Amino acid sequence: MIQEELVAAVLEALKRAQKEGAIPELSAPTILLEMPRNKEHGDYACNVALSLAGPAKMAPKKLAETIQRFMPEGVGYLERVDIAGPGFLNFYLKPDWLQDTLLEIEEMGDTFGHSQKHTSERVLIEFVSANPTGPISVVNGRAAALGDVLGNLLAAVGYEVSREYYINDALNSHQLEVLGETLAARYLQQLGKDVPLPPESYKGEYVIEMAKKIVKREGNTYEEMPDNELFPLFRRLATDEMISQQRGDLEAFGVRYDNWQCESALYEDEEVVQAIETISQRGYAYEKDGAVWLKSSVLGDKEDWVLVRSNGRETYVAADAAYHKNKFDRGYTLLINIWGADHHGYVARLKAAIAALGYDPSRCEVILHQMIHLVREGESVVGSKREGNIIPLRELIAEVGRDAARFTFLLSSADTTATFDLDLVKQQTNENPVFYVQYAHARIASILKKATSNEVVPAPAAKVKRSLLTHPRELDLLRKLADFPNEVQAAVENRAPHRLTHYSMELAAVFHNFYTECRVIGEEVELTQARLALIRGAKQVLKNALSLLGVSAPESM
RNA sequence: GCGCUCGUAGCUCAGUGGACAGAGCACCUGACUUCGGAUCAGGCGGUCGGGGGUUCGAAUCCCUCCGGGCGCGCCA
C-alpha cells in the first residue's frame, strides 16, 4: 500500500535528517496521513512537521522543508512533495497509482478493503439483549444495527467474531412473573372467563395474540389449573414464545446470532455461585447487613454493590459477573457489549466485577449508544412495554424495508441522541439515502449489461489502457475507491459503523458525477473499456460497503 | 444534589487536534433527441450553545456557565 510506503519514507527522512544534525534527536512520532478534502493539497497530506515543531523547537515550515530535503528517492508512486499552509507536507502521486487501484479491486473482489490485522483475535460482541417481555422495538433497532455491522467490520479486519444475545430469563425476574400472569389472564379471557389483569400487567396486543395461539394449540387444557401451577407454566410459555419472536424480529432485520445465552443457565450450572466464590477468595467480597457485597469501590467504581441479598438470592450483578467470566473462559480475547446510554452507570460496576474475578477489564469494551428520540406527528413517542405502546421493529421493516431501516439507523453516530421521525422514515422512503447508493449500484449494473449486449468486449483491468482515465471525474472516483480500505480501518478503530453509510453516499455521489460528465458506452473502444473497468471497480466497492452494512446491492430497482 | 452524555445551517445529521466548517431534506434557479432524471449543476442558509484556557493551530482537548437526555435500589 502506498500509504505505508509514504509513512516509511517520512520516518526515513526524519532519521536521515537527525543523523546529519539538521534536526535535533527525537523519538519516532506516529505519522498520520490523510487524504485532503481539497485536491490542491495533494493526494495525501501529512502534519508531522506541525506536530513535531514543538519538541524539535523549530518553525513548522523549516522542519517541513528539512523533511522534504531528506526524503528518500524513488518511493513507489511518489511524484513530488510540496510544503503548504503552516507546514503541511503534501504528497503528489503519479496518476497511475490511482489507476492501478483498479487492479487491486479486481484482484481482491469481495475482500477489497478487508485486512488481516487482527487474525489472532477472537471477539464476542453482545448486543440488544432485550428482556423477553415484548417484541424487538424500533428503539432496539439501533443496537441491532450497530452490533451487527460492527461485527461485520471486525470480521473484515481479521477478527473471529461471535454475536451473542443474552436472555434475561433469571428465576428472580419479577417482570417475567408479571408477564406469565398477564398471559394466563389473557388465556382465560380467551376462554370467556372474566379474569382481571394483574397489577402492572403487560397491556400489549402481542400478549393477547400469544393467548390465542395457546387456545388454538391446546384448547382449554389449563382452564382449571390452580394459579400456583398455572402461573409458572405460563411464565415459561410466555418467555419461550417471546424469545422466539425476538429471534424472528432480528432475523427479519438481517441479524443472526451465533449464540443465545440464557441467564438461567448460569444459575443452573452454578456459575453464579462459583463466580461469587472466586470473588470472595480473591478478597473482593465482604459481608454486611446479612448480604454479600462486591468491593467495587476499590476497583474504580464509586461504591460497593450487593452480590447476594440478605434473603440468599443473587443479584443481577452477580449473574453478570458470572456471565463475563463465562465469556472470557470461552477463550475470547476481546468482549464488546453494546448498551443503551441508560445503562452507563453500570459500566464501572461490570469492570470492577471483571477485575475482581481476576480478568483484565480493558479487554471488555462497552459501547454506549444514546437513546433514540421517536417522533410521530410532531410529538414525542414514549414507548413502554408495560403499556404496550412500543413500536415494533417489524412494523418499521414492513413499511420501509430492511435496507432502508438499517441504513437509517446507521446514519448517525452512536453517541448522538438521534431523532427518528417515524412519519418521515415511513412516508418518504425514496428520500432515504440508501436508495441513492443502491441506485448508483443498479445504474452501473445496467451500463455493464448494455455494454455486453453492444458487443463491447469487457476486458480485465490489467488489460485495459488505464492511463486513459485522466478526466477529473474519473480521478475523483478512483480516489474515492482507493480510500475505501482506510475508511474500513477507521470505522473499526473508532467503533463507528456510521462512517460506512457516509462513505457509501460519497462514493455514490462521485459516481453520479462521473456518469453525468463522462460517457462509458459509445466512446472510442479503448476508452470505453477503461471506463468499463472503472465502473466495475466502483460497483465492487459499492457492493463491499453495502455488504458490510448488511444492505443489499441490487442489480436493478 | 452527584455522575455520565449531548448541543454544528430552518429540519435531520457528518466532521481521526489541522488548511476557507460539510452533506441530505426544505426553499429558489437551471440541465436530457445519447449509457437508468431514484440523477446532475448553481443559489440561499453558520457568533460550531455562551465565556475563559491549552496549542503554531480548537467544532474537536481542559475549566466554567446555560440548555436537553440519561443514571444514581439488597430491581433487571
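**Contacts with RNA strand B, a three-stranded sheet and aromatic pairs**

A polar side-chain atom of Ser446 lies 2.9 Å from a phosphate oxygen of RNA strand B, a polar contact being a pair of N or O atoms within 3.5 Å (within protein, one must be able to donate a hydrogen and the other to accept it, and residues adjacent in sequence count only if both atoms are side-chain atoms). The model is predicted, with pLDDT of at least 70 required for local features and 80 or more for side-chain atom pairs, while totals for chains, interfaces and linings use all residues. Residues are numbered from 1 along each chain as its sequence is written, chains are lettered from A and ligands numbered from 1 in the order in which they are written, and side-chain values use heavy atoms, without hydrogens and water.

For Tyr436, an N or O atom of the side chain is 2.4 Å from a phosphate oxygen of RNA strand B. Ile521 places a backbone N or O atom 2.9 Å from a base oxygen of that strand. Around RNA strand B there are 59 residues, of which Arg309, Ser413, Thr419, Tyr436 and Arg443 come nearest; a residue is near if one of its heavy atoms lies within 4 Å. Of the RNA atoms within 4 Å of the protein, 57% belong to sugar and phosphate. Helix α17 (433-453) is among the elements that supply at least two residues of this surface, and its 8 residues are the largest contribution. Helices (H or I, at least four residues) and strands (E, at least two) are DSSP runs, numbered from the N terminus.

An open sheet of 3 strands has the order β14-β13-β15 with mixed pairing, where two strands pair if DSSP finds at least two bridges between them. Strands β14 (379-381) and β15 (419-421) each have a single partner strand and therefore stand at the edges. Antiparallel pairing joins β13 (residues 373-376) to β14 over 3 bridges, with Val375 opposite Ser380.

The structure holds 19 aromatic pairs; rings of Phe, Tyr and Trp (its six-membered ring) pair if their centres lie within 6.5 Å, with planes under 30 degrees apart stacked, over 60 edge-to-face and the rest tilted. Trp339 and Tyr346 are stacked, at 5.4 Å centre to centre and 25 degrees between the planes. The pair Phe511 and Tyr515 is tilted, because the centres are 6.2 Å apart and the planes at 45 degrees. Phe511 is buried at 0% relative accessible area, whereas Tyr515 is partly exposed at 34% (buried is under 20%, exposed over 50%, partly exposed in between; 1.4 Å probe, protein chains only).
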